[in-house]
Amino acid sequence: LAAVAISRLAGFSRASIVIGLAAAASMPMLVWCAGSIKNDFAMACFQLAAIYACLQSVRSKALAWLLVSGLLTGSAFGVKPTALFAAVPVGLFWLYDCLRREDRFRSLVLTGLCFACSAFLWPARSYILIGQPFGSAAPTTALDALNFSGESDPAYDPVRYLKIAIDAHIR
């Protein structure tokens, strides 16, 4: 339904919307992935809703839709960092919409704040609970990560965390 609403806002005809939905629904990868609900589905829903809010903001010139778009894009990042791929076009919508407003700077800052507040909620929670913002590889808390003994502990090596992040994105 979100894809239909986005297509209608973009000005597509009803026939092209039906053909596009039929083509998308018949893709084997979509059918395979939709067989089980995972976090990818939630991320995709947040991204589609963010695109819809962007288009509504451009159409109605209401700042509230732009802020909702920032909140939804940040929520997609909270689900999975690969939301970056959809955040690029959404960010371009934000720039376009903010630059055509009289209060350019204010609207851009508010949208960025809505994004940041919702995007960094789960990584901050993970860091407080387990000491890592993205993942659950270490069974420690952020307070345990503070090593006051002066000894160098390889478990808290920043290069190690970088390798974990790279491995998590590649695998």
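Helix α6 supplies the largest share of the nonpolar patch, five residues. Helices here are DSSP runs of H or I with at least four residues, and strands are E runs of at least two, numbered from the N terminus. The patch consists of L84, V88, L92, L95, L99 and L108. Together these residues have about 550 Å² of accessible area on the surface. Patch members have over 30% relative accessible area and no salt bridge, and nonpolar side chains (Val, Leu, Ile, Met, Phe, Trp, Tyr) are joined within 5 Å. Areas come from the Shrake-Rupley method with a 1.4 Å probe; for residues, only the protein chains shown count as cover. V88 lies in helix α6.

The model is predicted: local features need pLDDT of at least 70, side-chain atom pairs count only at pLDDT 80 or more, and totals for chains, interfaces and linings use all residues. Residues are numbered from 1 along each chain as its sequence is written, and side-chain values use heavy atoms, with hydrogens and water left out.

**Overall fold**

The protein chain has nine helices and zero strands. From the N terminus, its elements run α-α-α-α-α-α-α-α-α. Of its 171 residues, 26% are buried. Buried means under 20% relative accessible area, exposed means over 50%, and partly exposed lies in between (1.4 Å probe, protein chains only).

**Aromatic pairs**

Rings of Phe, Tyr and Trp (its six-membered ring) pair if their centres lie within 6.5 Å; planes under 30 degrees apart count as stacked, over 60 as edge-to-face and the rest as tilted. By this rule there are three aromatic pairs. In one of them, the ring centres of F77 and F115 are 5.3 Å apart and the planes stand at 85°, so the pair is edge-to-face. F77 sits in helix α5 (residues 63-79) and F115 in helix α7 (residues 104-119), so this pair ties together parts 38 residues apart in sequence. Both F77 and F115 are buried.

W94 also pairs with F115: the ring centres are 5.9 Å apart and the planes are at 65°, so this pair is edge-to-face. W94 belongs to helix α6 (residues 84-99) and F115 to helix α7, so the contact ties together parts 21 residues apart in sequence. W94 counts as buried, at 11% relative accessibility. Ring pairs thus link F77, W94 and F115 into a cluster.

W94 has another contact to note. Its C-alpha is 8.5 Å from that of G70, and the two residues are 24 apart in sequence.

**Helix α7**

Which residues of α7 are buried? They are S107, T111, F115, S118 and A119. These residues cover an arc of only 105° around the axis, which puts them on the same side of α7. The arc is that of the directions from the helix axis to the C-beta atoms. An α-helix has 3.6 residues a turn, so residues three or four places apart point the same way. The face of α7 turned away from the buried side carries the exposed residues F105 and C117.

The helix has 16 residues. From first C-alpha to last, α7 reaches 22 Å, close to the 22 Å expected at 1.5 Å a residue. The expected span is 1.5 Å times one less than the number of residues.

**Salt bridges**

A salt bridge is a side-chain nitrogen of Lys or Arg within 4 Å of a carboxyl oxygen of Asp or Glu. A search of the whole structure finds three.

| Acid | Base | N to O distance |
|---|---|---|
| D97 | R100 | 2.9 Å |
| D97 | R101 | 3.1 Å |
| D103 | R106 | 3.0 Å |

D97, R100 and R101 are linked in a network of salt bridges. D97 is buried, with a relative accessible area of 1%. R101 is buried at 11% relative accessibility, whereas R100 is partly exposed at 32%. In the D103 and R106 bridge, D103 is partly exposed with a relative accessible area of 28%. R106 is partly exposed at 47%.

**A backbone exception**

Most residues other than glycine have a negative phi, and most peptide bonds are trans. K61 has a positive phi of about 60° although it is not a glycine. K61 is found in the loop between α4 (39-60) and α5. Is K61 buried or exposed? K61 is exposed, with a relative accessible area of 57%.

Conventions:
Patch = residues over 30% accessible without salt bridge, like charges linked within 9 Å, V, L, I, M, F, W, Y side chains within 5 Å.
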